[in-house]
Amino acid sequence: MPSSQRFLIQDGAHAGKAVELDAFPYHIGRARDCNYVLDSTEISRLHARLTRDHLNIFLEDLGSTNGTFVNGRRLQPGEQYRLRAGDVVSFAQVCQWVFDDPATTAQIDLVKVTTPGLNLDVDAARVSVGGVPLYPPLSPNQFSLLALLVENAGRIVTREEICEHVWGTDEDVTDQTIDALVSRLRKRLSDADSSHDYLVTRRGFGLMFQNRKPSLESD
């Protein structure tokens, strides 16, 4: 495996610097004995871990309080995600790192890595598209629906799940009410980024969220 596999820090005081992956397992967190220390109260002491086999590097959240996100999707604790070149990793929304694997792609120029389309901060009830916060903010029901879809990104969410999550089990919600909520949310996202469909309808089944992958431009 090439020794040059690494992350490029995308934002904050260390933007532009490389995090070389030179030892495994590689721990990231607030504890001083981590391989890389993120000094923030939003970061858990042992937040995430990187492991490898002979070809791949895997990212795992270690049950952190505020989560580890890949391309906007929160990893489940213990889930091992195989990193791919260009993946954007966020630790508790504190910072963003871009995975750089020269074995599969040309070296990434940090300034040419676009922010993945949609990012959702549940704790702050904030949504940004392309790095720009949505304003005005989503309504509570719109945010609740989007949070459900993002949490289940890549999986079809049924109308029954939507109804229970947004309105609860005691409400009698019609299909028209659900359709109206989906339509309003889809319009808000389209207004922010008209070139990508974040909400995909599978007729007869339900709704699925698919985020935009970060794009890499070449010289």
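This note goes through a predicted model point by point, from the whole chain to its main pocket and a few single residues.

1. **Overall make-up.** The protein chain contains three helices and 16 strands. It has 219 residues, and 45% of them count as buried. The exposed surface of the protein chain comes to about 11,700 Å². Carbon and sulfur atoms supply 47% of that area.

2. **Contacts along the chain.** Take the contacts in the protein chain with a separation of 6 or more. Residues 24 or more positions apart account for 43% of them.

3. **The largest pocket.** Its volume is about 360 Å³. The lining has 18 residues. Nearest the centre lie Asn66, Phe69, Arg74, Leu120 and Val122. Two elements give two or more residues each to this lining: β12 (118–121) and α1 (140–151). The largest share comes from α1, with three residues.

4. **Chemistry of the lining.** What classes of residue line the largest pocket? Eight are nonpolar, five are polar and five are charged.

5. **Aspartate 121.** This residue belongs to strand β12. Is aspartate 121 buried or exposed? Its relative accessibility is 14%, so aspartate 121 counts as buried, the cut-off being under 20%. Setting aside neighbours within four places in sequence, aspartate 121 is in contact with Gln93, Arg126 and Phe143.

6. **Cysteines.** The structure holds zero disulfides. Cysteine 34 counts as buried because its relative accessibility is 7%. Cysteine 163 also falls in the buried class, at 15% relative accessibility.

7. **Arginine 45.** This residue sits in the loop between β4 (36–37) and β5 (48–52). Its relative accessibility is 52%, so arginine 45 counts as exposed; the exposed class begins over 50%. Which residues does arginine 45 contact, leaving aside neighbours within four places in sequence? They are Gly29, Arg30, Ala31 and Cys34. Cysteine 34, in that list, is itself buried. Arginine 45 and arginine 32 are 13 residues apart in sequence. Their C-alpha atoms are 8.4 Å apart.

8. **Phenylalanine 24.** The loop between β2 (18–20) and β3 (26–29) holds this residue. Phenylalanine 24 counts as partly exposed because its relative accessibility is 23%, and that class runs between 20% and 50%. How far apart are the C-alpha atoms of phenylalanine 24 and threonine 51? The separation is 5.7 Å, for two residues 27 apart along the chain.

9. **Glycine 206.** Strand β16 (residues 206–209) includes this glycine. At 13% relative accessibility, glycine 206 is classed as buried. Beyond its neighbours within four places in sequence, glycine 206 is in contact with Ile156, Val157, Thr158, Val200 and Thr201. Glycine 206 and arginine 155 are 51 residues apart in sequence. From C-alpha to C-alpha, the two lie 9.5 Å apart.

10. **Points to look at on screen.** For the pocket, begin with Asn66, Phe69, Arg74, Leu120 and Val122, which lie nearest its centre. For burial, set aspartate 121, at 14%, beside arginine 45, at 52%. For pairs separated along the chain, view phenylalanine 24 with threonine 51, then glycine 206 with arginine 155.

Definitions and conventions: Residues numbered from 1 in each chain as written. Predicted model: local features only at pLDDT ≥ 70, side-chain atom pairs only at ≥ 80, totals over all residues. Heavy atoms only, no water. 1 Å grid on protein atoms, 1.4 Å probe; cavity = no way out; pocket = protein on both sides within 12 Å on 5 of 7 lines; lining within 4 Å. Points joined across faces, edges and corners; volume = space filled by probe spheres on them. Helix = DSSP H or I, 4+ residues; strand = E, 2+ residues; numbered from the N terminus. Nonpolar A, V, L, I, M, F, W, Y, C, P; charged D, E, K, R; others polar. Buried < 20%, exposed > 50% of the residue type's maximum accessible area, 1.4 Å probe, protein only. Contact = heavy atoms within 4.5 Å. Areas by Shrake-Rupley, 256 points an atom, 1.4 Å probe, with all protein chains shown as cover. Disulfide = S-S within 2.5 Å.
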